[in-house]
Amino acid sequence: MSDHYFTAEPASPDQRRERTVSLRGADVQVQTAGGVFSPDHLDQGTEVLLREVPEPPVEGDLLDLGCGWGPITLALAGASPLARVWAVDVNERALDLTRRNAEAAGVAARVHAHRPEDVPEDVRFAAIWSNPPIRVGKEALHAMLRQWLHRLLPGGEAHLVVAKHLGSDSLLRWLDTELGPDFTADRAATAKGFRVLRAIRAD
Ligand SMILES: C[S@@+](CC[C@H](N)C(=O)[O-])C[C@H]1O[C@@H](n2cnc3c(N)ncnc32)[C@H](O)[C@@H]1O
């Protein structure tokens, strides 16, 4: 089977690469590796998300759904010094890189990088930021979003970046109609062929 970025244990060699990336105006040294999403640079969609999202809540539990090597996690931890950031991924190498990059950034004590099933059931999120894994297919994507967005606190917001050519507009319709009466969704921003979608849980 080919080595997708969402493979649990990537078969490609875990050869680490040093990169400097700009996360919401701060230059950060990170390690990446083959077998994880966008190992050579900050993905353009992630860059759009980080530029367009409002400041996250200053405290509480925040979620980076599908953390990869951790750019969104590092941005959340940097923006909200009192918050706990949950970095979730199915790819063990991605989780390992996120832990290592959080350590190097001095935020490891507040970053919890786990497989989805290892996040305690009772954790509820004040905000969710994600560049979600569209390539897992619609059914798996919808199941994943349903599962995690229902763990938003009342008044909480999820911001998701999706390329227009990968179905951002149909995903927006799905978010607005299928999450249930507690949720509304809109398009918070558009840039460089990406949409930043926002789903809000009513107070
Ligand atoms: C588009 S990548 C984004 C990675 C990183 N956040 C970034 O911006 O560079 C999506 C990530 O979701 C992960 N993923 C796939 N299926 C998942 C699932 N069921 N639960 C959590 N993460 C998943 C993939 O392994 C991948 O790392």
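The following paragraphs lead from the overall build of the protein to the surroundings of its ligand. The model shown here is predicted.

The secondary structure of the protein consists of five helices and nine strands. Read from the N terminus, these elements follow the order β-β-α-β-α-β-α-β-β-α-β-α-β-β. The radius of gyration of the protein is 16 Å, close to the 17 Å given by the globule rule for 203 residues, so the protein is as compact as a globular protein of that length. Along the principal axes, the C-alpha atoms of the protein fill a box of roughly 45 × 40 × 35 Å.

Where in this protein does the ligand sit? The ligand occupies the largest pocket. Around the ligand stand 19 residues, and the closest are Tyr5, Thr46, Gly66, Cys67 and Asp89. The shell that these residues belong to is made up of 13 nonpolar residues, five polar ones and one charged one.

The polar contacts of the ligand may now be considered in turn. In the side chain of Thr46, an N or O atom is 2.6 Å from an oxygen atom of the ligand. Asp89 likewise offers a polar side-chain atom, which lies 2.6 Å from an oxygen atom of the ligand. With Gly66, the contact involves the backbone: a polar backbone atom of Gly66 is 2.7 Å from a nitrogen atom of the ligand. How much of the ligand does the protein cover? On its own, the ligand has 600 Å² of accessible area, and the protein covers 93% of this area.

Note on methods
Residues numbered from 1 in each chain as written. Predicted model: local features only at pLDDT ≥ 70, side-chain atom pairs only at ≥ 80, totals over all residues. Heavy atoms only, no water. Near = heavy atom within 4 Å. Polar contact = N/O pair within 3.5 Å; in protein donor to acceptor, adjacent residues only side chain to side chain. Areas by Shrake-Rupley, 256 points an atom, 1.4 Å probe, with all protein chains shown as cover. 1 Å grid on protein atoms, 1.4 Å probe; cavity = no way out; pocket = protein on both sides within 12 Å on 5 of 7 lines; lining within 4 Å. Sits in = over half its atoms within 2 Å of the grid points. Nonpolar A, V, L, I, M, F, W, Y, C, P; charged D, E, K, R; others polar. Helix = DSSP H or I, 4+ residues; strand = E, 2+ residues; numbered from the N terminus. Rg over C-alpha atoms; globule rule 2.2 N^0.38 Å.
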